Amino acid sequence: MSHFNRIDSPRMPVPAPHAITAEVEHALQVVRRGSDELLVEADFVAKLERAQASGTPLRCKLGLDPTAPDLHLGHTVVLTKLRQLQDLGHTVIFLIGDFTSMIGDPSGRNTTRPPLTRQQIEANARTYFDQATLVLDRARTEIRYNSEWSVPLGADGMIRLASHYTLARLLERDDFNQRYKEGQPIAMHELLYPLMQGYDSVALCSDLELGGTDQKFNLLVGRELQRHYGQEPQCILTMPLLEGLDGVEKMSKSKNNTIGITEPPSEMFGKVMSISDDLMWRYYELVSSRTLAEIEAFKREVADGRNPRDIKVLLGQEIVARFHSAPAAEDALRDFEARFREGEAPADMPQFTFSAQGKGGIVVSALLKQAGLAPSSSEAIRAIEQGGVRIDGQRIEDRSRVLPAGTYVLQLGKRRWARVTIT
């Protein structure tokens, strides 16, 4: 059936709320875990009960623009929720925004995002679904591209679509509003982005759309457009934005604070071990498959004196096993212990990310200075010559050694440590 037929086929009205069944209550508990907001919950309950009565699964949609070729742990927060919906028996639609990527999502930005070229989009999209199925069940996932309906829409269709929304409503969005007040430019194509994302929900007849908290406005636009096209409005589920390794900014490739889901096991494990003890609980809640009861038990154990490092090891192993294998997780732990535990490496060492100026990487002596382990390059060179510098537990003697892109633990003397990532 074409998407145009589906657009013209409204669903039955949502019935009034009533006492819910145990099955629906269980589904609600699964959906609520770790989420930020479920709108509108009463409507979602009605959808769940109708799905249970009819045997027709809900259509749950997530759209991702292929702005970078790799997915990271932050992406898995919402992907994990989608997998839970799959396990509840609902249909999951993994939507690749190959059309909207050419517009550029302005969400949360104070400047215009440069649109991607078609070549960039196609190159990035090739790996997206393969990486997403490290979380999702490939056999139960419907993959779509929004160019399917956005390109045929054409100029006249775009004008009709734009007639369903007002400029005043668009300018209510925080980032647009702030930029407008500050006199910052807002390009016309940026105003189209929420409309096109909303139209995706119309084309797919979405029952539930998921996204980060920064996507709330766009998700609400989808509800409004569905009303205009005679459909029952979708519910929306917003998920928190996972903080990156710095514990401050959201995990983002542009911030160089990510844990990539295709990174080598040892690097992935080491990065998990580098997060703070407080942030560890946030990761447990948002990306771990452990039950809330298990997590609370861990918290009690730490409060009673257990070293939080032990709990962090379990988290690191779970994450590595999830994206690689259980044997890889065991190997990563052994490698980590061999390199760091025997050398008494601190779990809370400072972390830095540096960009290599040349093609080869960064000279160790310069890196020691940039990371604040040595006051000058000459002091760093002296320490190397005296045998006082180690990289990943191995003493180095070559003062001109260049480290290529990667993550390393630097040690100068017995008390100065830093984890550095070279990009």
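**Entry 1: a small strand pair**

I started at Ile-391 and looked for what stands across from it; the answer is Gln-394 in S10. Ile-391 and Gln-394 belong to a predicted model, and I'm keeping that in mind for everything below. Next I checked how strand S9, residues 389-391, goes with S10: they pair in the antiparallel sense, over two bridges.

Then I zoomed out to the whole sheet. I found five strands in an open sheet, and I wrote down the order as S7-S13-S12-S9-S10, with mixed pairing. Which strands stand at the edges? I noted S7 (351-354) and S10 (394-395); each has a single partner strand, so one side of each is left without a neighbour in the sheet.

**Entry 2: the six-stranded sheet**

I moved on to another open sheet, this one with six strands. I read its order as S1-S6-S5-S2-S3-S4, and the pairing is mixed here. For the edges I got S1 (37-39) and S4 (141-145), each pairing on one side only. I also looked up how neighbouring strands of this sheet are turned against each other: it's 20° on average, with direction ignored.

I picked the S1 edge for a closer look. S1 and S6 (residues 235-239) run antiparallel, joined by three bridges. I followed Glu-37 across and landed on Thr-238, its bridge partner in S6.

What packs on this sheet? I found helix H5, residues 118-132, touching S2 (59-64), S3 (91-96) and S4. I noted that the direction of H5 makes about 155° with that of S3.

**Entry 3: H12 and H13**

Helices next. I took H12 (residues 277-287) and H13 (residues 292-303) and looked at their axes, which come within 11 Å and cross at roughly 165°. That makes H12 roughly antiparallel to H13. I put the crossing down as right-handed.

Which residues meet there? From H12 I listed Trp-281, Tyr-284 and Glu-285, and from H13 Ile-295, Phe-298, Lys-299 and Val-302.

**Entry 4: H11 and H14**

I did another helix pair, H11 (residues 265-274) with H14 (residues 308-323). Their axes come within 9 Å and cross at roughly 145°. I noted a right-handed crossing for H11 and H14. On the H11 side the contact is made by Pro-265, Met-268, Phe-269, Val-272 and Met-273. The H14 list is one I only sampled; it includes Arg-309, Leu-315, Ile-319 and Phe-323.

**Entry 5: one residue, Ala-332**

I wanted to follow a single residue, and I chose Ala-332, which lies in helix H15 (residues 326-341). Is Ala-332 buried or exposed? I found 2% relative accessibility; the cut-off for buried is under 20%, so Ala-332 counts as buried.

I then asked what Ala-332 is in contact with, leaving aside its neighbours within four places in sequence: Pro-265, Ser-266 and Phe-269. Pro-265 and Phe-269 had already turned up in my H11 list. I also checked Met-268, which is 64 residues from Ala-332 along the chain; their C-alpha atoms are separated by 8.5 Å.

**Entry 6: the whole chain**

Last, I jotted down the overall numbers. I've got 17 helices and 13 strands in the protein chain. How much of the chain is buried? Buried residues make up 49% of the 423 residues. I noted an accessible surface of about 19500 Å², with 52% of it belonging to carbon and sulfur atoms. For contacts between residues at least 6 apart in sequence, I wrote that 72% join residues at least 24 apart.

Conventions. Residues are numbered from 1 along each chain as its sequence is written. This is a predicted model: local features need pLDDT of at least 70, side-chain atom pairs count only at pLDDT 80 or more; totals for chains, interfaces and linings use all residues. Side-chain values use heavy atoms; hydrogens and water are left out. Two strands pair if DSSP finds at least two bridges between them. Helices (H or I, at least four residues) and strands (E, at least two) are DSSP runs, numbered from the N terminus. Buried means under 20% relative accessible area, exposed over 50%, partly exposed in between (1.4 Å probe, protein chains only). Contact means heavy atoms within 4.5 Å. Accessible areas come from the Shrake-Rupley method with a 1.4 Å probe; for residues, only the protein chains shown count as cover. Axes are lines fitted to C-alpha atoms, for helices over the stretch in contact, and angles run from 0 to 180 degrees between N-to-C directions. Angles under 35 degrees count as roughly parallel, over 145 as roughly antiparallel, 65 to 115 as roughly perpendicular and the rest as oblique. A crossing is left-handed if the near helix is turned anticlockwise from the far one by less than a right angle, and right-handed if clockwise.
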